[in-house]
Amino acid sequence: MTSAFLTGLFVVFAPLAVLAVTRRVPSRNVIVAVGFSVVGLFLLEGATFALHPGDALTLACAFFFGVWILMGSYFTQHFDPVALTAGQLVVLVVLAIPVVAVGGMGHITTQVLVAAAITGVWCSAIAFTLQL
């Protein structure tokens, strides 16, 4: 449950990233939401200021999701969303190659290829394009 809350903080980080980049102050509702989120994080961490390593990683992930939303908003105004999605997926594949080379591929079966095609095309390419 803690990880889900922390991951959901990307909704808070996105307007904060906009504030940092554009200097536009968020609405009062956003400021109140940020305050409640900070209090919620404090309570989930046991009402202490110590942040567990796993929670810190999840919080960093949420922060980068917020930055990704800001960047997606900017780049979709300057580039074709389909080309942008294709570029993101190409970068993902290129960055995954060394990981696969070191970790190995495992057993590639027809079921694995079908699952990769479905998640690669439907869950990634189409979903990313619709989000942008």
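**Overall form, helix H2 and a surface patch**

Of the 132 residues of the protein, 17% count as buried, that is, under 20% relative accessible area with a 1.4 Å probe and protein chains only, whereas exposed means over 50%. The model is predicted, and local features need pLDDT of at least 70. Residues are numbered from 1 along each chain as its sequence is written.

The protein holds 6 helices and 0 strands; helices (H or I, at least four residues) and strands (E, at least two) are DSSP runs, numbered from the N terminus. The radius of gyration, taken over C-alpha atoms, is 18 Å, well over the 14 Å of the globule rule for 132 residues (2.2 Å times the number of residues to the power 0.38), so the protein is more spread out than a compact globule. Its C-alpha trace spans about 50 × 40 × 20 Å along the principal axes.

Helix H2 covers residues 10-22, and its end C-alpha atoms are 18 Å apart, in agreement with the 18 Å expected for 13 residues at 1.5 Å a residue (1.5 Å times one less than the number of residues). Val12, Phe13, Ala14 and Ala17 are the buried residues of H2. Their cover includes helix H3 (28-44) and helix H4 (53-76). After H2 comes Arg23, with a positive phi near 65 degrees.

Leu130 lies in helix H6 (residues 110-131) and is exposed, with a relative accessible area of 70%. Together with Val114, Ile118, Val121, Trp122 and Ile126, Leu130 forms a nonpolar surface patch with about 610 Å² of accessible area. Such patches consist of residues with over 30% relative accessible area and no salt bridge (a side-chain nitrogen of Lys or Arg within 4 Å of a carboxyl oxygen of Asp or Glu), nonpolar side chains (Val, Leu, Ile, Met, Phe, Trp, Tyr) being joined within 5 Å and like charges within 9 Å.

Definitions and conventions
This is a predicted model: local features need pLDDT of at least 70, side-chain atom pairs count only at pLDDT 80 or more; totals for chains, interfaces and linings use all residues. Side-chain values use heavy atoms; hydrogens and water are left out. Accessible areas come from the Shrake-Rupley method with a 1.4 Å probe; for residues, only the protein chains shown count as cover. Contact means heavy atoms within 4.5 Å.
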